[in-house]
Amino acid sequence: MADKLSIACIARDGNKVLIAHRQNIGQMGGRWEFPGGKVENGEEEKQAVIREFSEEFGVTVKVGKLIATAQFEHNGKSCALHAYEIKVPHNGIEKKYILTEHTEYKWVELSEIENLNFVDSDLKLYPAVKEYFKS
């Protein structure tokens, strides 16, 4: 059993996925990621998805199904990462998202992720997310 559980939010628009650029703080600062964060004690995973996206982007999302899971180690602790499909109320282009944890966001073709400086843990989800996009 993992010591910590985190969630990743996979927002899809056709063949594109929403990614966000982390602020330049912490071990993974300045890298791209699928938005998300830690599940708090006593919190359901889907609640965490809604809370994290609201805190980090200022919008309320609809949570779909669990599409990928990964295990990784962070500072000697075992961590689980669960990726959920989400539906955003708008694409953040005409009406901007309000960023609190990131410097920018963009919609990219899934294949572009391989060429970006992406967070290690999210890269573990990448093969399963690619498979999900094919379906």
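Biologist: How many aromatic pairs does a search of the whole structure find?
Modeller: The search turns up 6 aromatic pairs. Keep in mind that this is a predicted model. One of the pairs joins Phe34 and Phe118.

Biologist: Why is the pair of Phe34 and Phe118 called edge-to-face?
Modeller: Two numbers settle it. The ring centres are 5.2 Å apart, and a pair needs centres within 6.5 Å. The planes of Phe34 and Phe118 stand at 70°, and edge-to-face needs over 60 degrees. Both tests are passed, so the pair gets that name.

Biologist: Where in the chain do Phe34 and Phe118 sit?
Modeller: Phe34 is in the loop between β3 and β4, while Phe118 is in the loop between β7 and α2 (120-134). They are 84 residues apart, so this pair links distant parts of the chain. Both rings belong to buried residues.

Biologist: What makes Phe57 and Tyr97 a pair, and of which kind?
Modeller: Use the recipe again. Their ring centres are 5.7 Å apart, inside the 6.5 Å limit. Their planes meet at 85°, over the 60 degrees that edge-to-face asks for. So Phe57 and Tyr97 are an edge-to-face pair. Phe57 comes from helix α1 and Tyr97 from the loop between β6 and β7, so the pair ties together parts 40 residues apart in sequence.

Biologist: Are Phe57 and Tyr97 buried or exposed, and how do you know?
Modeller: Phe57 has 1% relative accessibility and Tyr97 has 5%. Buried means under 20%, so both Phe57 and Tyr97 count as buried. They also belong to one aromatic cluster, together with Phe53 and Tyr105.

Biologist: What makes Arg12 a residue that lies over the face of Phe133?
Modeller: Arg12 is 4.2 Å from the ring centre of Phe133, and the distance limit is 6 Å. There is an angle test too, within 35 degrees of the ring normal, and Arg12 is listed as lying over the face.

Biologist: Let's turn to the cysteines. How many disulfides does the count come to?
Modeller: The count is 0.

Biologist: Why is Cys9 too far for a bond?
Modeller: A disulfide needs sulfurs within 2.5 Å. The closest cysteine sulfur to that of Cys9 is in Cys79, and it is 17 Å away, so no bond is assigned. Cys79 is in no disulfide either, with the sulfur of Cys9 as its nearest at that 17 Å. Both cysteines are buried, Cys9 at 1% and Cys79 at 2%.

Biologist: How do you know that the span of helix α1 is close to the expected one?
Modeller: Helix α1 covers residues 45-57, which is 13 residues. From first C-alpha to last, α1 reaches 18 Å, and the expected value at 1.5 Å a residue is 18 Å. Just after α1 comes Gly58, with a positive phi near 75°.

Biologist: Which elements do the buried residues of α1 pack against?
Modeller: They pack against β1, β2, β4 (36-38), β5 (62-74), β6 (77-87) and β7 (102-109). Among the buried residues of α1 are Ala48, Val49, Phe53 and Phe57. From the strand side, Ile86 in β6 touches Val49 and Phe53, among others.

Biologist: Why does Gly30 count as buried?
Modeller: Gly30 has 17% relative accessibility. The cut-off is under 20%, so Gly30 passes. This glycine is in the loop between β2 (16-22) and β3 (32-33). Its contacts beyond four places in sequence include His21, Arg22 and Asn117.

Biologist: What makes β2 mostly covered?
Modeller: In β2, 5 of the 7 residues are buried.

Biologist: How do you know which strands β2 pairs with?
Modeller: Count bridges, as a pairing needs at least two. β2 has 2 bridges to β1, 7 to β7 and 2 to β3. That meets the rule each time, so β2 pairs with β1, β7 and β3. These pairings are antiparallel. As for who faces whom, Arg12 stands opposite Val17, Leu18 stands opposite Trp107, and His21 has Trp32 as its bridge partner. In the hairpin of β1 and β2, there are 2 residues between the strands, and Gly14 has a positive phi near 65°.

Notes. Residues are numbered from 1 along each chain as its sequence is written. This is a predicted model: local features need pLDDT of at least 70, side-chain atom pairs count only at pLDDT 80 or more; totals for chains, interfaces and linings use all residues. Side-chain values use heavy atoms; hydrogens and water are left out. Helices (H or I, at least four residues) and strands (E, at least two) are DSSP runs, numbered from the N terminus. Buried means under 20% relative accessible area, exposed over 50%, partly exposed in between (1.4 Å probe, protein chains only). Contact means heavy atoms within 4.5 Å. The expected span of a helix is 1.5 Å times one less than its number of residues. Rings of Phe, Tyr and Trp (its six-membered ring) pair if their centres lie within 6.5 Å; planes under 30 degrees apart count as stacked, over 60 as edge-to-face and the rest as tilted.
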